[in-house]
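Good morning, colleagues. Please turn to the sequence and the structure on the screen; I shall go through selected helices, one sheet and two single positions.

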Amino acid sequence: MTKTLSTYEYLQCSLTGDKFSNDIPRRLSPSSEKPLLARYDLEKAKETMTKESLLSRRNDMWKYEEILPVLDDNNIVSLGEGNTPLMRMNNLSNVLDIKNLYVKDESNNPTGSFKARGLSAAISKAKEFGIKGIVMPSAGNAAGAMSAYAAKSKIAANVFMPKDAPLANKMECIAFGANVELVDGFISDAGKASAIAAEKYDLFDISTLKEPFRVEGKKTMGLEIVEQLGWQVPDVIIYPTGGGTGIVGIWKAINELEKMGLVNDKKPKMVCVQAEGCSPLVDAFEKNEEYAVPFENPKTLAAGMRVPLAVGDFIIFNILKESKGTAIRINDAEMLEGVSLLSKEEGIFAAPEGGAVLRATMKLRENGFIEKSDKVVVVNTGSAYKYLDAMQKTFWND
Ligand SMILES: Cc1ncc(COP(=O)(O)O)c(C=O)c1O
């Protein structure tokens with residue numbers, strides 16, 4: 001065993017605060033059936049994870065090993081995820097009238113989306129536990145990423161996807177050797193089928209936030225944003241939300257960095273962007289509800305936001321409130337306008353989810369939520385190349 005510098009200590013229930021040992025594979029909290037979150041010895045982590053030490057480390061998300069959960073270096077399953085560019089958007093800065101506008105471009109990840117981070121973390125931990133078979137429901141991009149990391153680690157992958165998932169996602173899963181089952185319904189129906197298969201075939205179900213480590217991988221987006229801004233916390237972070245793991249992860253990152261003394265107590269306003277055709281979190285947030293209700297008949301071309309219910313809904317609401325953030329809906333036509341703008345003005349061919357956050361940023365500037373002088377980070381979570389079928393009508397008249 002080659003020990004990592006991980007200071008991972010235990011898992012904690014996100015609702016009750018109960019603590020659970022880290023020595024067996026776990027999914028939801030035994031005390032509440034809500035997500036479990038990994039906790040670290042941050043006092044110890046800060047001794048070695050310093051601004052200086054990070055400069056000479058590996059060039060992917062695993063450089064933050066002190067606050068990632070893998071204990072043996074040999075178990076890290078990596079395809080070079082993370083270290084994606086944080087770029088200033090000079091042209092859109094003028095169009096949107098925001099002085100400091102940045103994009104964190106996650107389309108540069110293996111398999112073309114931020115999902116690579118979470119699946120690298122989850123599959124590395126699965127390997128550490130000696131798990132041989134995994135299963136997951138997915139709207140598309142997570143399935144592609146899971147299949148790639150499963151192929152690399154030689155763990156058998158089983159995917160349940162809605163029939164109308166993007167073609168690229170179905171193709172890549174097959175190419176990576178996963179067993180693919182298409183479900184006539186939504187991601188929630190795929191979730192039910194996946195849970196049945198997990199039980200029947202003794203597979204470990206790594207559904208987002210029902211497994212504690214995907215959020216740890218996604219957390220590294222937040223670590224990178226802060227490091228790339230020269231250890232500064234931005235004023236606003238705008239994120240396309242489906243299951244919500246990205247928002248939870250980024251917020252967790254900034255809080256851990258504060259406890260380690262790497263940043264001060266400034267927090268970004270967190271913005272949750274959803275599709276008009278699937279907005280369970282925005283609906284509940286506007287009504288100040290504690291939990292969301294499942295969204296009936298979700299419909300949007302942004303497959304990643306076609307998630308009728310998020311298991312971590314209450315965590316997301318707490319983050320939005322604590323950060324003085326907000327939640328906003330964008331319709332499909334607006335998303336496509338956002339994709340066009342990112343392409344024409346900044347040379348980034350973004351996923352519709354990325355288009356949605358750009359369009360949301362415009363709206364929030366127009367209504368004054370964002371001020372001209374704010375430092376704003378827009379997260380483009382994926383690549384348009386995964387959505388050629390869904391976006392063909394907009395960009396190609398054949
Ligand atoms: C491109 C893209 N963006 C955003 C999301 C939503 O991410 P999260 O589950 O972190 O809310 C997904 C999820 O499938 C996605 O594929």
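I begin with a definition: two residues are in contact if their C-beta atoms, placed from the backbone, lie within 7 Å. Helices (H or I, at least four residues) and strands (E, at least two) are DSSP runs, numbered from the N terminus. The model is predicted, so local features need pLDDT of at least 70 and side-chain atom pairs count only at pLDDT 80 or more, while totals for chains, interfaces and linings use all residues. Residues are numbered from 1 along each chain as its sequence is written.

Let us take helix H5 first. It comprises residues 141–153. The expected span of a helix is 1.5 Å times one less than its number of residues. For the 13 residues of H5 this gives 18 Å, and the end C-alpha atoms are 19 Å apart, which agrees.

Burial is the next term. A residue is buried if 20 or more other C-beta atoms lie within 10 Å of its own, exposed if 12 or fewer, and partly exposed in between; these C-beta atoms are placed from the backbone. How many of the 13 residues of H5 are buried? Ten are, so H5 is largely enclosed by the rest of the structure. The buried residues include Asn141, Gly144, Met146 and Tyr149. Against what do the buried residues of H5 pack? Their partners are helix H4 (115–128), strand S6 (133–137), strand S7 (156–162) and helix H6 (167–175). Just after H5, Lys154 has a positive phi of about 65 degrees.

The packing of H4 on H5 can be described further. Axes are lines fitted to C-alpha atoms, for helices over the stretch in contact, and angles run from 0 to 180 degrees between N-to-C directions. The axes of H4 and H5 come within 9 Å and cross at roughly 40 degrees. That makes H4 oblique to H5. Angles under 35 degrees count as roughly parallel, over 145 as roughly antiparallel, 65 to 115 as roughly perpendicular and the rest as oblique. The crossing of H4 and H5 is right-handed. A crossing is right-handed if the near helix is turned clockwise from the far one by less than a right angle, and left-handed if anticlockwise. On the H4 side the contact involves residues including Leu119 and Ile123, and on the H5 side residues including Ala145 and Tyr149.

A second helix pair is H8 (residues 214–228) with H9 (residues 245–259), whose axes are 7 Å apart at an angle of about 60 degrees. H8 and H9 are therefore oblique to each other. H8 passes H9 in a right-handed crossing. Among the contact residues are Val215, Met221 and Val226 of H8, together with Val248, Ile250 and Leu257 of H9.

Ile250 leads us to Ile237, which lies in strand S10 (residues 236–240). Is Ile237 buried or exposed? It is buried, with 29 other C-beta atoms within 10 Å. Leaving aside residues up to four places away in sequence, Ile237 touches Ile250, Pro268, Met270, Val271, Val377 and Val379. Lys104 is 133 residues from Ile237 along the chain, and their C-alpha atoms are separated by 9.9 Å.

The other single position is Gly304, in the loop between helix H10 (280–286) and helix H11 (313–322). Gly304 counts as buried, with 31 C-beta neighbours inside 10 Å. Its contacts, not counting residues up to four places away in sequence, include Asn141, Pro240 and Glu353.

Helix H12 (residues 332–346) has 15 residues and reaches 21 Å between its first and last C-alpha atoms, close to the expected 21 Å. Among its buried residues are Met335, Leu341 and Glu346. These buried residues pack against elements including helix H13 (352–366) and strand S13 (375–380). Gly347 follows H12 and has a positive phi, near 70 degrees.

I close with the sheet. Two strands pair if DSSP finds at least two bridges between them. Three strands form an open, antiparallel sheet in the order S2-S1-S3. Strand S2 (19–21) and strand S3 (36–40) are at the edges with a single partner each, so one side of each lacks a neighbour in the sheet. From one strand to the next, the twist averages 40 degrees. S1 (residues 8–13) pairs with S2 over three bridges, and Tyr10 stands opposite Ser21. Five bridges join S1 to S3, where Leu11 has Ala38 as its bridge partner. The hairpin of S1 and S2 has five residues between the strands, and in it Gly17 takes a positive phi near 85 degrees.
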